[in-house]
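Welcome! Here are some short exercises to help you find your way around a new structure, each with a worked solution.

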Amino acid sequence: MPYDCIVIAKQVPDTKNVTGKAMKDDGTVNRAALPAIFNPEDLNALEMALDIRDRFGGSVTVVTMGPPAACELLRDALYRGADRVILLTDRRFAAADTLATSYALSCAIRKIGKFDLIIGGRQAIDGDTAQVGPQTAEKLHLNQVTYVEKVQDIRDGRIEILRSIDGGYEVVRGRLPILLTVTGTANEPRPPRAKRLLQFRHHTCPAEITNRIRKQLEARGREPSEAEMAEAVNPVLTEAVKQDRMLTVWDADAVGADHDKIGGRGSPTKVKKIESVVFKGRDLKWIEANDEGAKGLVRELVTEHILG
Amino acid sequence: MANFFTDNADIQFQFNRMDLREVVALKEGDFAEGRQYPYAPASYDDAMDGYRRILDLVGGICGDVIAPRAAEVDLEGAQYHDGVVTYAKGTQEAMKALSGADLMGFTLPRRYGGLNMPTIMYVAAIEMVSRADAALMTIFGLQDIAETINSFASEEQKQRYLPRFCTGEVTGAMVLTEPDAGSDLQAVRLKAYQDEKGVWRMNGVKRFITNGCGDVLLVLARSEEGTKDGRGLSMFICEKGPKVYIRRIEDKLGIHGSPTCEIHFRDAEGELVGQRRRGLTRYVMSLMNGARVGIAAQGQGIAEAAYRDALAYAVDRVQFGKAIIDMAQVSDLLVDMKVGVETGRSLLYETARVVDLCQGYEHLAETVERSDPRAREIKEKAALYRKQAAILTPMSKYYCCEMGLRVTSAAIQVLGGSGYMRDYNLERYYRDARITTIYEGTTELQAVAILAGLQGEALAEWFAARAAQKREGEIALLAALVQQMQQRLADGVAFVKKEGHPDYTDLMGKRLSDMACWAVIGYLLLEEASASPHKRIIAEKFIRDAAIRTVAHYTAITSGNDIVLREYKTLLGPDLPKA
């Protein structure tokens, strides 16, 4: 029986290949200095969805929320085999924390409508929160399984999953529809397919075209006028539409998002302070895995003012 | 996230300055395939952009999937049990990645599922794969087998076999060598006969067959009973089956991931490719030429890998209070490696470009109408590039593979004791490189082919076009040296021709081959030197060295010293076994 999967993915700065000035003076990530990549565990999520499609049939839709440059992630998803990709982009989505992000994603998923599985990476390498998947499931009132290593079987509306836990694995079962978050060890993502790469390399969206042309015109040393921009952008845009090379783009209104719940406005998380911490300690402390050990640890954390 | 395309400044340099307008026009015509295939290019720029992206894709798979598995593949090797060959785990995973990425029909036409890439891009891809795992090259780099089917088989055969190559469902092997027919393929004995139903069947033994466990075998067999030479041989396609028995695989020095098989044909069914009696003279020659460019790229790739490891080590390793890279003898070794790697690539890419032109014009010449006003020009171009490809191909194999041996050996020297240990990859590179000067025609056989080309003045037009170019400043000084080298080469060839002694000519074959490679590379570097300051210094280093060596070779050739011919038995003297 075929299953429809939605993959939620994020374009992130490549924190594993740090070059140049990766951190701004205020301690936040300098996104401009780092190459943007497909969040690694989201690639594992995509692979899991493609594998489910290979095994059972169905479809794979990839949704990402981000600036127009995230088209690159969507093209990559197409190269690897996604059937449909959607860019969720709007200036009003900017500066979203995990709550606002999962709200926006849940709106997009509602708009997509029919699905059996939603799959995301366990966490993104820029924020490391691991919250967006679970929060999205909550907003959609879905079952969820985190730390998924393997989908063992799907049958009669039920899914059987190998889930990674401390020191081993557990097998859990759940009812569809369900949301899964996937670990980096779950699989080895397949490479892009050459033919799909050649076919979809020119797919784009209006904002990406505009940004690219603006950069080209700015390289001449001055801000282009609106008329100049329109003159340069319109033929490219028309050609892209004619060639059927437009990616699906949804803004906040298209997914019916409440403007108070998205972007910075919808984000209760406030960064109080950022400290650059250099690890010096070499001591390890073993905490016994029992109630007494746990209580002792909590006591210590409270005394040290780390918690509470 | 390693990428063997983007991390290689020299490949980037070569790619960025390539002018492939003629090649792309031959491959894509008026870009009409775009209507049928969504992945076909729409223009020259679009084609080049596509090529770059495909190489980027290959580079990523090489860096992330293939290279990390290579050491394990070498250790595990291909396994044989009871007639069945199993690839090492890493080989299987790498092949899955390559075929999953649509890369197994690299050069084949789109109508069979291929990517329709030119040879020059295929060569760049083979180099990267070989840098990652030289053994895997014998599977990825054997697409010439499918290409041979494409060139000579019937349309019906093509439709049956080629799509399966493109998806990676099947791999192939070129089944030529026998226990008593190695370099001398005219001595092939494997018998092909037609049974009572007219079906071709094969009987006999083939040995040293790279990837002989492949699914689709191109077999050279004696179809004409009673014949003894190459004109009695035909080519057959033979599919793996119970009557094609793998008796053993060889235990080799290197390329452990690549199974080298002994095959016993037990009345195995086959089908004729093309015409009878043309197996060796036409089809195998074409197959071998393609494969030779591939092996040149393999030597090139292994050299690149070894050079990189040696350089990284020399920068870190401190002895006598300083990094060894700063010691004259070590830096000399490294510079020699670097110059070897870059010059090998220049020659290889130029060869591939000419091969593309040759194939393109040959194909056009076959299809062009007699009445077409361009017919004559097309035929002339086909003949010209055929002649040039016929000498540049053995030159590339000769140069790149010998360079690969030298570079992998020098790389071990840079690492010293560590290089000799299995803890590093250097000893693997050295072992893997060792086969490249042997299979698909030894270095010595390449020299024979190069000599034949030189005596037929196969490079006359190629040299003339370049010698005529005006150059200025320091590059003009280097150009004068290159012209001298070219002149000495011509004089050397004239000398042996005048002597008219075949054995003496043969004896001087490698010297003349060296001189030919150096002169051609010299001209290529002059062109590159005007495009980059780095290449200018590479050109200076290479041309000055090569000019001196050319004088030495020329002196040896014109000395007429034939002591080896006359006295080899006396020289080997008491060690000669009694007859």
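The exercises below look at a chain contact, a helix and some backbone angles.

This is a predicted model, in which local features need pLDDT of at least 70, side-chain atom pairs count only at pLDDT 80 or more, and totals for chains, interfaces and linings use all residues. Residues are numbered from 1 along each chain as its sequence is written, while chains are lettered from A and ligands numbered from 1 in the order in which they are written.

**Exercise 1.** Find how many residues each chain brings to the contact between chain A and chain B.

*Solution.* Two residues are in contact if their C-beta atoms, placed from the backbone, lie within 7 Å. Counting this way, chain B supplies 15 residues and chain A eleven residues. Next, look at the elements, which are DSSP runs numbered from the N terminus: helices (H or I, at least four residues) and strands (E, at least two). On the side of chain B, H3(B) gives the most, with six residues.

**Exercise 2.** Decide how well covered helix H13 (residues 426-434) of chain B is.

*Solution.* Start with the cut-offs: a residue is buried if 20 or more other C-beta atoms lie within 10 Å of its own, exposed if 12 or fewer, and partly exposed in between, with C-beta atoms placed from the backbone. Seven of the nine residues of H13(B) are buried, among them Tyr429(B) and Tyr430(B).

**Exercise 3.** Compare the surroundings of Asn116(B) and Phe320(B).

*Solution.* Asn116(B) has a positive phi of about 55°, and Phe320(B) has one near 50°. Asn116(B) is buried, with 21 C-beta neighbours inside 10 Å, whereas Phe320(B) is exposed, with 6.
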